[in-house]
Amino acid sequence: MNKIYKQIAPALALMGLVLGGCQPDLEKDLKASKGTADFSRYIAVGNSLTAGYSDGGLYLEGQLNSYPNLLAQQFKKVGGGDFTQPLFASGQENGSGYLRLTGFTASGSPITTPVTDKLALRAGATAAKPLYTKYLDPVQNLGVPGIRMSDIETAGYGSTQGNPYFERITPDATPTQTYLQRVAASNPTFFTEWLGNNDVLGFATAGGAASSLTPVADFTDKTNKVIDALTANGAKGLVSTIPDVTGIPFFTTVGPSFKATLTENKVPAIIVHTGGLSTTPGTTIKTITVPTTDIKDATGGKQLFTLTSAPYLPLFGRPNTGKPWRDVYTQAKASLPPTVTLSVFLALQGIDTTKAFGADVKNPIPSTLVLDDAEQKLVATATTAFNSAITAKATAKGLAIFDANGFFSRVATGGFVTNGVNNTASFISGNLFGLDGVHPTPRGYAVLANEMIRVINQQYGASIPSVDPNNYRGVTFP
């Protein structure tokens, strides 16, 4: 697996959200107006959220319900033009594949099944390096799943050695074209820009054991460059901040039930690996002891468990349980020298799988499954710094700012009412988040579109009608 794809893989596989507040009633007698903005050529810049990624994949239904597509439909009511997305074609409408809810266990846990038919894969694609069917017509939705702000000037990011979603829309004649160059050539009259989520999300969803947080100076420099490129010809637009990723179902679903099980069985504490993996002989990974009371749930605690930890936590306390660490090895194998076999890898980490899983320092719960409080502080510090850079540049340019961070935080604590229907940040039942616990459902994307419309109307004196989120689905039950 090449270097660039390894960097985006954690975000793509797990990937970077929760929604909150109170939805106003739909406008009834409002006369639509564009205010001081020109929506004739709308360009959307961003990552998986912008592309319409949902349920762990990018597929046609998600694309059609992306917030940029919903915005473009409303912009048409005030003079907006057509909006072109790189849609997957009929027969390949399942795109990259995604997760489908197929049932529940006896204890009520959801059962998800990967959708593997009607994919948009072309010849030469592998599981490690997918190649999606090319879409080379001009597009206005430049949402690229997995892209970080730190990637926007990477030459070759859209080649066969780079991000497969950007490669899909990159002409073969210009394989070294950067994302920033693509944005600079887009020539919008109006834009939305929502980059930067993955600069913290990849690190967070990997439990701090993979990926990295983008240096603040690099993030600030590239934020300034992308906004300068979008406004070069006088375009107006909206810029979104980065949400606190620790409030999404990916981090809030598993820990409470695990804590309840430990409490019921009078387990006082667990052993958790923290930080990255060891690659040097003679050094071993760091472990910490986590009191059961410090696992986060509604009563308190700080330690967060990932949604991907769900299959492994029932193995707690069992000896001769090697599956968690075998799977960590499988995930890390592509970045390791060929000489690092499973036994060598376990020795480097100081792991003895004959010991009780999660109850012995020789067989701790892997860091990939836990975002501990120290790692959360790193995420929070980076998020604050990144949002300061985004807000400063957008303010200097007189742009509308969607405070996604504040909005998502309110949803995580209080839910969100859409025309009399209550929605929450709960996994599966909350309506707003899909099956990967990170990305919105169609209803969640509709809520996002409305929040952006509200800010655009305020900033530019416009009267763009909102959509009715209740017309869009939450999680589809079998």
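Guide: A residue counts as buried under 20% relative accessible area, as exposed over 50%, and as partly exposed in between. Keep those cut-offs in mind as we go, and remember that this is a predicted model.

Visitor: Thanks! Is D221 buried or exposed, or does it fall in between?

Guide: D221 lies in helix α8, residues 216-231. Its relative accessibility is 34%, and the in-between class runs from 20% to 50%. D221 therefore counts as partly exposed.

Visitor: How far apart are the C-alpha atoms of D221 and S150?

Guide: Along the chain, D221 and S150 are 71 residues apart. In space, their C-alpha atoms are separated by 9.4 Å.

Visitor: Let's turn to T50; is T50 buried or exposed?

Guide: T50 is found in helix α2, which covers residues 48-51. Leaving aside neighbours within four places in sequence, T50 is in contact with A44, V45, S66, Y67, P68, N141, G143 and W194. Its relative accessibility is 0%, and anything under 20% falls in the lowest class. T50 therefore counts as buried.

Visitor: Which residues of the largest nonpolar core touch the most other members?

Guide: In soluble globular proteins, nonpolar side chains tend to be buried together. Here the largest nonpolar core has 112 residues. Those that touch the most other members are Y179, V226, I270 and I365.

Visitor: Which helix gives the most to this core?

Guide: The helix in question spans residues 442-460. With 10 residues given to the core, the top contributor is α15.

Visitor: What does Y179 touch, not counting residues up to four places away in sequence?

Guide: Y179 is one of the residues that touch the most other members of the largest nonpolar core. Once residues up to four places away in sequence are set aside, Y179 touches V45, G46, L142, V144, I147, I152, F166 and L195.

Visitor: How many residues are in the second, separate core?

Guide: Among the members of this second core are I285, W325, V340 and F345. Its size is 11 residues.

Visitor: Why are the buried residues of α12 on the same side of the helix?

Guide: Helix α12 covers residues 342-349, and F345, L346, L348 and Q349 are buried there. They lie on the same side of α12 because the arc they cover around the axis is only 160 degrees.

Visitor: Which exposed residues sit on the face of α12 turned away from its buried side, and what do its buried residues pack against?

Guide: The face turned away from the buried side carries the exposed residues S343 and A347. After the helix comes G350, with a positive phi near 75 degrees. The buried residues of α12 pack against α11 (323-332).

Visitor: How many residues of α7 are buried?

Guide: Helix α7 runs over residues 198-205 and is mostly covered. The buried residues are N198, D199, V200, L201, G202, F203, A204 and T205. Just after α7, G207 takes a positive phi of about 65 degrees. For α7 itself, the buried count is 8 of 8.

Visitor: What is the volume of the largest cavity?

Guide: Of the 13 lining residues, L58, Q63, P86, G143 and R168 are the closest to its centre. β5 (141-143) and α5 (164-168) each supply at least two residues of this lining. By class, the lining divides into 8 nonpolar, 4 polar and 1 charged. The volume of the largest cavity is about 110 Å³.

Visitor: Which element gives the most to the lining of the second largest pocket?

Guide: The second largest pocket holds about 560 Å³ of space. Of its 29 lining residues, the closest to the centre are G247, T252, A412, T413 and A425. The elements giving two or more residues are α9 (249-252), α10 (254-264), β10 (304-305) and α14 (404-414). With 7 residues, the element that gives the most is α14.

Visitor: How is the lining of that second largest pocket divided by class?

Guide: Nonpolar, polar and charged residues are each present in this lining. Their counts are 13 nonpolar, 13 polar and 3 charged.

Visitor: Is I428 buried or exposed?

Guide: I428 is placed in the loop between β14 and α15. Its phi is positive, near 70 degrees, though it is a residue other than glycine. At 8% relative accessibility, I428 therefore counts as buried.

Technical notes: Residues numbered from 1 in each chain as written. Predicted model: local features only at pLDDT ≥ 70, side-chain atom pairs only at ≥ 80, totals over all residues. Heavy atoms only, no water. 1 Å grid on protein atoms, 1.4 Å probe; cavity = no way out; pocket = protein on both sides within 12 Å on 5 of 7 lines; lining within 4 Å. Points joined across faces, edges and corners; volume = space filled by probe spheres on them. Helix = DSSP H or I, 4+ residues; strand = E, 2+ residues; numbered from the N terminus. Nonpolar A, V, L, I, M, F, W, Y, C, P; charged D, E, K, R; others polar. Buried < 20%, exposed > 50% of the residue type's maximum accessible area, 1.4 Å probe, protein only. Core = buried A, V, L, I, M, F, W, Y, C linked by side-chain atoms within 4.5 Å. Contact = heavy atoms within 4.5 Å. Arc of directions from axis to C-beta.
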